[in-house]
Amino acid sequence: MRNIIYLLLLTFFLAACNSSSEKKKITGTWTIYSAYISRTIDDSKNLSQREILTDSLLKAGLSGSTYTFTDDGKVTILQNGEKMEGTWQMAKDKDGKTELSVIEMKGADWSEAWTPSNGESLFLMKGMDDYIGAKIFPANDDGSNVVYQLSRKK
């Protein structure tokens with residue numbers, strides 16, 4: 001019985017250590033290194049010249065933009081020489097307690113949300129906290145979404 005209790009406590013302790021909040025992982029400065037329109041795998045094989053050009057322009061126009069998230073809920077965006085400031089938070093589930101892998105940002109005249117571009121986490125590689133893949137909302141007028149790939153600025 002004692003061994004079972006010990007094993008349960010050890011399991012709980014290890015789970016608590018490994019499940020650090022994504023909010024803590026997000027704080028810091030992130031640089032966009034790629035941006036493109038989200039498409040299905042089938043769509044990606046048959047891109048038109050216009051779609052290729054659009055992705056190329058997105059990447060060129062957004063690469064190097066930075067997002068700085070502070071632990072007190074402030075965000076600063078530097079994009080093409082312009083600075084935007086606002087607030088950010090991790091979205092919560094319906095219960096209001098469970099933190100989701102979704103970032104909500106808003107400023108005086110803008111709002112943006114990031115959801116995972118692939119899988120259940122914003123972080124592209126499990127166990128690596130230096131790369132984010134985020135699908136951006138609101139969607140474009142045609143219903144498509146832009147995807148940002150970011151790396152932590154060191």
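Mentor: A residue is called exposed when its relative accessible area is over 50%, buried when that area is under 20%, and partly exposed in between. The model discussed here is a predicted one.

Trainee: Why does N80 count as exposed?

Mentor: The relative accessibility of N80 is 62%. The cut-off for exposed is over 50%, so N80 counts as exposed. N80 lies in the loop between β3 (74-79) and β4 (82-92).

Trainee: What is the phi of N80 near, and what is the sign of that value?

Mentor: Phi of N80 is near 50 degrees, which is positive, and N80 is not a glycine. Most residues other than glycine have a negative phi.

Trainee: Which peptide bond is cis?

Mentor: The bond that joins F137 and P138 is cis, with omega at about 10 degrees. Most peptide bonds are trans. P138 sits in the loop between β8 and β9.

Trainee: Why is F123 called buried?

Mentor: The relative accessible area of F123 is 7%. Buried means under 20%, so F123 is buried. F123 belongs to strand β7 (residues 123-125).

Trainee: What is F123 in contact with, leaving aside its neighbours within four places in sequence?

Mentor: The contacts of F123 beyond those neighbours are E22, K25, I26, W30, M128, D129, Y131 and I132. Contact here means heavy atoms within 4.5 Å. F123 and I26 are 97 residues apart along the chain, yet their C-alpha atoms are separated by 9.3 Å.

Trainee: M128 is on that list. Why does M128 count as partly exposed?

Mentor: M128 has 36% relative accessibility. Partly exposed is the range between under 20% and over 50%, so M128 counts as partly exposed. M128 is part of strand β8.

Trainee: What makes M128 eligible for a nonpolar patch?

Mentor: Patch residues need over 30% relative accessible area, and M128 has 36%. M128 forms a nonpolar surface patch with Y33, L124, M125 and Y131, with about 410 Å² of accessible area together. Strands β7 and β8 (128-137) each give the nonpolar patch at least two residues.

Trainee: How do you know that β1 and β2 pair?

Mentor: Strands pair if at least two bridges are found between them. Strand β1 (residues 28-37) and strand β2 (residues 66-69) have 4 bridges, in the antiparallel sense, so by that definition they pair. In this pairing, G28 stands opposite F69.

Trainee: How many bridges join β1 to β9?

Mentor: There are 7 bridges between β1 and strand β9 (residues 146-152), and the two run antiparallel. W30 stands opposite R152 in β9.

Trainee: What does T29 touch, not counting residues up to four places away in sequence?

Mentor: T29, in strand β1, touches T66, Y67, T68, S151, R152 and K153. T29 and L150 are 121 residues apart in sequence, with their C-alpha atoms 9.7 Å apart in space.

Trainee: Why is the approach of the T29 and T68 side chains called a polar contact?

Mentor: The two side chains come to 2.9 Å. A polar contact asks for N or O atoms within 3.5 Å, one able to donate a hydrogen and the other to accept it, so the pair is listed as a polar contact.

Trainee: How many helices and strands does the protein have?

Mentor: The protein has 4 helices and 9 strands. Of its 154 residues, 31% are buried.

Conventions: Residues numbered from 1 in each chain as written. Predicted model: local features only at pLDDT ≥ 70, side-chain atom pairs only at ≥ 80, totals over all residues. Heavy atoms only, no water. Buried < 20%, exposed > 50% of the residue type's maximum accessible area, 1.4 Å probe, protein only. Patch = residues over 30% accessible without salt bridge, like charges linked within 9 Å, V, L, I, M, F, W, Y side chains within 5 Å. Areas by Shrake-Rupley, 256 points an atom, 1.4 Å probe, with all protein chains shown as cover. Salt bridge = Lys/Arg side-chain N within 4 Å of Asp/Glu carboxyl O.
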